Amino acid sequence: MVSFACVTVAITAVLQLSLVDHFAIRHASEEAGLRLEQLSWQMRDSLDRTVDQAVRDVSLLSTLADVRAADDPKAARAVLEHLQHDFPDYAWIGIAKPDGKVLAATGGLLENRDVTARPWFHTGQLNVSAEDYHPALLLGSLLPRTSDPWRFVDVAGPIRDADGKLRGVLAIHLSWKWARTLAHTLLTPALREYGAEIIVVRRDGVVLLGPDDILEKPIAAESVRLAFAGSTGALKERWPDGRTYITGYSQTGRNRDRAGLSWAVLVRQTESAALASAHDFEQRALWLCIGLGTVLAAGAALMARRLVAPLNVLSGAIEDLAHAPAHGAPGRIPEVNSFHEAQVLSDAMRDLVAGEHTHREALERMNAQLEDTVAARTAELQELLLRDVLTGLPNRRALLHALPEALARAARLGRPCAVLFMDMDGFKQINDTRGHEEGDELLRQFGARLLSGIRETDMCARLAGDEFVVVLELLSDRQDAVHKAHGLLEQLSRPYMLASGAVQVGVSIGVAVQLPQEAQDPARLLARADQAMYEAKREGKGRVALIAAELEPEAS
């Protein structure tokens with residue numbers, strides 16, 4: 001009976017631990033992969049935005065009259081240093097004449113020096129382009145000394161006069177310190193404590209950003225290959241250091257021209273650290289099963305002794321009679337009513353079965369509670385995956401789930417729907433001057449005002465940074481979408497109250513309309529809205545733009 005009880009408890013414990021491994025470990029692994037993949041997306045988007053900003057700055061500066069007709073180094077230097085003051089990550093900005101001599105530069109560095117040997121000078125004569133990560137050759141000894149050596153990403157473009165004649169090359173040296181700062185900002189203290197690392201890899205496999213032991217060394221990992229193949233996701237893989245990591249991966253500069261740079265962005269975490277909480281839960285469940293088994297085994301042993309005691313008395317009496325048959329007498333044998341003993345045995349067995357049933361129900365209740373807890377936690381984590389932590393609005397993942405459903409409803413109802421792509425104007429300046437806490441508060445107020453300005457049938461989401469998207473349904477026509485966009489523009493442009501005082505930011509809104517008869521392509525619809533938003537930026541910001549390509553179907 002004791003052995004039977006131990007085997008039963010052992011089987012129950014194995015089944016329970018199997019449930020723990022099935023739900024907790026697997027879910028923790030999937031959750032870690034999603035978290036690391038999302039961090040990779042955020043790092044990728046941040047890198048792309050900064051490079052794009054540098055490209056836009058080169059394009060804009062090269063069209064300014066003071067730069068086109070730059071003959072006075074002092075006047076040109078003032079324009080360049082003004083831009084550098086607004087963007088400290090621009091370590092050097094300079095203008096090289098067609099003969100390769102530097103006419104003007106921030107801080108006067110390299111002025112009158114020959115830069116014809118630099119790749120950016122030659123590529124920048126043709127069009128705006130970016131040169132990949134490289135050490136500082138000419139500027140390394142001129143810039144202030146830092147703990148890390150200077151590394152740059154160069155963005156250069158031609159300066160032409162009104163007749164199209166080349167007047168020079170404008171170049172921006174973007175300090176790689178910017179990428180290190182981005183990585184440090186994205187990794188929360190909790191993630192750094194558990195060993196999460198951001199790694200940026202160049203097309204040739206050389207690590208540009210990452211741990212010191214692999215920095216500026218070539219690596220070969222499956223996640224790198226998948227990222228450069230255009231995939232995004234997460235996987236478990238073994239790295240050259242012999243440790244197993246869960247790695248999220250993505251690629252920068254996808255679907256871009258030469259001005260974009262192609263890097264693999266990896267976010268890795270050791271498997272043991274990523275699954276630490278799940279393993280801790282598994283250990284607790286194991287010890288609980290061992291303790292419960294010990295208690296049940298002790299109870300079974302006590303019950304067995306009480307059951308065999310009458311038989312031991314009867315057996316002892318019989319042995320006494322066997323050793324002294326001559327002195328045997330019926331009176332020396334205890335009076336045992338066989339029916340009564342059968343009754344006692346039957347009652348004892350029923351008690352044992354009842355006790356075992358009670359313990360089994362207790363274990364089943366524990367299993368049910370465990371499943372309910374895991375299910376509730378799963379639902380809670382799923383909800384967190386679909387919500388932006390700062391504003392409480394749906395995030396990019398939720399938007400990508402909801403947008404195809406909105407397009408399908410629009411097709412069924414025969415009513416147009418639209419996507420409004422919004423980008424705040426002047427947010428970075430407020431974030432830099434008033435601090436990230438007030439910048440976060442501004443984003444929260446902006447999201448709340450955006451949510452209050454749409455209908456219950458519509459949806460708004462935060463993509464990243466100061467970018468938001470609104471999905472409008474049940475529209476009457478394109479003008480209805482533009483009218484609602486203007487209404488939101490007016491509401492969002494009103495002042496916001498922060499701790500340090502009132503601020504006012506603008507917003508540029510790009511509108512993309514989906515007609516019921518058009519093919520449903522959520523990614524293309526978002527891209528059209530994004531393009532329209534950039535059109536609004538180019539037209540002067542603080543306005544609504546309906547992308548021109550949207551008008552072609554209506555005109556036809």
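Visitor: How many residues does helix 3 have, and how far does helix 3 reach?
Guide: This is a predicted model: local features need pLDDT of at least 70, side-chain atom pairs count only at pLDDT 80 or more, and totals for chains, interfaces and linings use all residues. Residues are numbered from 1 along each chain as its sequence is written, and side-chain values use heavy atoms, without hydrogens and water. Helices (H or I, at least four residues) and strands (E, at least two) are DSSP runs, numbered from the N terminus. Helix 3 spans residues 73–86; the expected span is 1.5 Å times one less than the number of residues, which comes to 20 Å here, and helix 3, with 14 residues, reaches close to that, at 20 Å from first C-alpha to last.

Visitor: Why do the buried residues of helix 3 line one face?
Guide: Buried means under 20% relative accessible area, exposed over 50%, partly exposed in between (1.4 Å probe, protein chains only). The buried residues of helix 3 are Ala 76, Val 79, Leu 80 and Leu 83. Seen down the axis, they line one face because they fall within an arc (taken from the directions from helix axis to C-beta atoms) of 90°.

Visitor: Which exposed residues sit on the face of helix 3 turned away from its buried side?
Guide: Look at the face turned away from the buried side of helix 3. The exposed residues there are Lys 74, His 82 and His 85.

Visitor: Is Thr 106 buried or exposed?
Guide: Thr 106 is in the loop between strand 2 (102–105) and helix 4 (119–123). Contact means heavy atoms within 4.5 Å. Leaving out residues up to four places away in sequence, Thr 106 touches Arg 77, Leu 80, Glu 81, Gln 84, Ala 91, Trp 92 and Ile 93. Its relative accessibility is 2%, so Thr 106 counts as buried.

Visitor: Where does Asn 112 lie?
Guide: Asn 112 is not a glycine, yet has a positive phi of about 70°. Asn 112 is exposed, with a relative accessible area of 61%. Its place is the loop between strand 2 and helix 4.

Visitor: What is the phi of Lys 541?
Guide: Lys 541 is in the loop between helix 15 (522–538) and strand 17 (544–546). At 45% relative accessibility, Lys 541 is partly exposed. Its phi is positive, in a residue other than glycine, and near 65°.

Visitor: How many disulfides are there?
Guide: A disulfide is a pair of cysteine sulfur atoms within 2.5 Å. Cys 417 is buried, at 1% relative accessible area. Cys 460 is buried too, at 2%. By the sulfur rule, the count of disulfides is 0.
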